[in-house]
Amino acid sequence: MMITTSSIPPANKIPASLKWSERMALSIKKNNPEPWMIEFSQKPVWSYPQGLVLHSMEKIWRQNPKQNQQYLDYIKAYADLMIDEKGNIKTYDVYTFNLDMMNSGKILFNLYEQTKDEKYKKAIVTLRNQLQWQPRTTQGGYWHKLRYPWQMWLDGAYMSAPFLAQYGKTFHDNQAFEIVANQLILLEQHTRDPKTGLLYHGWDESKLQPWANKQTGTSPNFWGRAIGWYAMALVDVLDYFPQDHSKRSGIIGILQRLAPALQKYQDAEKGLWYQVVDQGQRKGNYLEASASSMFVYALAKGANKGYLDKCFKKVAEKGYQGIIDHLIQVKPDGEVNLTQVCAVAGLSSDRDGSYEYYVNEKIRIDDPKGTGPFILASLELNK
């Protein structure tokens, strides 16, 4: 019998027998031999998408450290490339006061615990020091970046709050918990729409930005991923908060108010969520992968931890099945791809937060803002 080369399975085939979490992680590693490449980068950079994906891989590693050593090695390769022996972080500039830069700091806690290498601790302290001097609103809310004055964005909650809460627990910094709680509470206070229960992408205390509502200061629309960042921040900070902290129940309360709104706007047929969450019937809108993955993760974790009613586990499971059925593609070699991920969206003079703006931003396959949360959602549902 003649054997054709096409019938020989490739050596690096990703087995379909693995769970979705690992199939996606192996696909990311296959396409990004160096971890700094994760954000389609041309050169190494310290940024939040790398941290998002590497954090999800750390969660896989934790399930079986001996068997999953390759993930810890991959995480360490990024940290060791970006952090020198004195603890300086390459490409990081404190003077931008950019909250996005905190997120990758989360991978350093475990590296420090495993290796006791002081350079990781020094880098952690550097990032914590930025938050000490981060510009704030009059109520103490972090500006998203120095160049976005008086503005709080939902994105910033995920970028900074879980890092700061983990810092608080690791280094016994009780002030950190108070700050974290206040950031999350202020964001809900200023961005929540009482009619829908959803959260606007951003809030400008000064009301000077062209996108800001002149009465409330909020941006005009409910962007899925922004709400997703915030929802993930809520469930993740609770991993570190002391059980007896006076504001712990307040954070859980925010999650309990948000969950029913997410359930209400879940697409009844496909179980997914739209790029602009409350306008699913409008022309140009689409079912978006990163927001859907983030909502699945937050709802599943909220239910698993007992913060939310068990019925929200069903909402998460329906959403997850929707991702598998409609947004996942599998190549012949087993590589897994996540489709329909919004590449980026923000608020500025040329990014007005309008419906048209959000639905016309670039859409990518395997954008890390989708693949990282997909792994986290898969782990939370044990898929």
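Contact here means that heavy atoms lie within 4.5 Å of each other. In this predicted model, that criterion places isoleucine 227 against Leu154, Leu198, Leu199, Phe222, Leu258, Leu262, Val277 and Phe295, once residues up to four places away in sequence are left out of the count. The points below set this residue in its core, then turn to a pair of helices and to the cysteines.

**Nonpolar core**
- The largest nonpolar core is made up of 132 residues, and Ile227 is listed with Trp46, Leu108, Leu184 and Tyr230 among those that have the most contacts inside it.
- Helix 8, which spans residues 224-237, supplies the largest share of this core, with 10 residues.

**Helix 5 and helix 6**
- Helix 5 (residues 118-133) and helix 6 (residues 154-170) have axes that come within 11 Å and cross at roughly 115°, and the crossing is left-handed.
- On the helix 5 side the contact involves Ile124, Val125, Leu127, Arg128 and Leu131, which meet Ser160, Phe163, Leu164 and Tyr167 of helix 6.
- Sorted by character, the residues of this contact comprise 7 nonpolar, 1 polar and 1 charged.

**Cysteines and disulfides**
- Searching the whole structure yields 0 disulfides.
- Cysteine 311 has a relative accessible area of 35% and is therefore classed as partly exposed, since that class lies between the 20% limit for buried and the 50% limit for exposed.
- Cysteine 342, by contrast, has 0% relative accessibility and so counts as buried, a class that requires a value under 20%.

Notes:
Residues numbered from 1 in each chain as written. Predicted model: local features only at pLDDT ≥ 70, side-chain atom pairs only at ≥ 80, totals over all residues. Heavy atoms only, no water. Core = buried A, V, L, I, M, F, W, Y, C linked by side-chain atoms within 4.5 Å. Buried < 20%, exposed > 50% of the residue type's maximum accessible area, 1.4 Å probe, protein only. Helix = DSSP H or I, 4+ residues; strand = E, 2+ residues; numbered from the N terminus. Axes fitted to C-alpha atoms, helices over the stretch in contact; angles between N-to-C directions. Left-handed = near helix turned anticlockwise from the far one by under 90°. Nonpolar A, V, L, I, M, F, W, Y, C, P; charged D, E, K, R; others polar. Disulfide = S-S within 2.5 Å.
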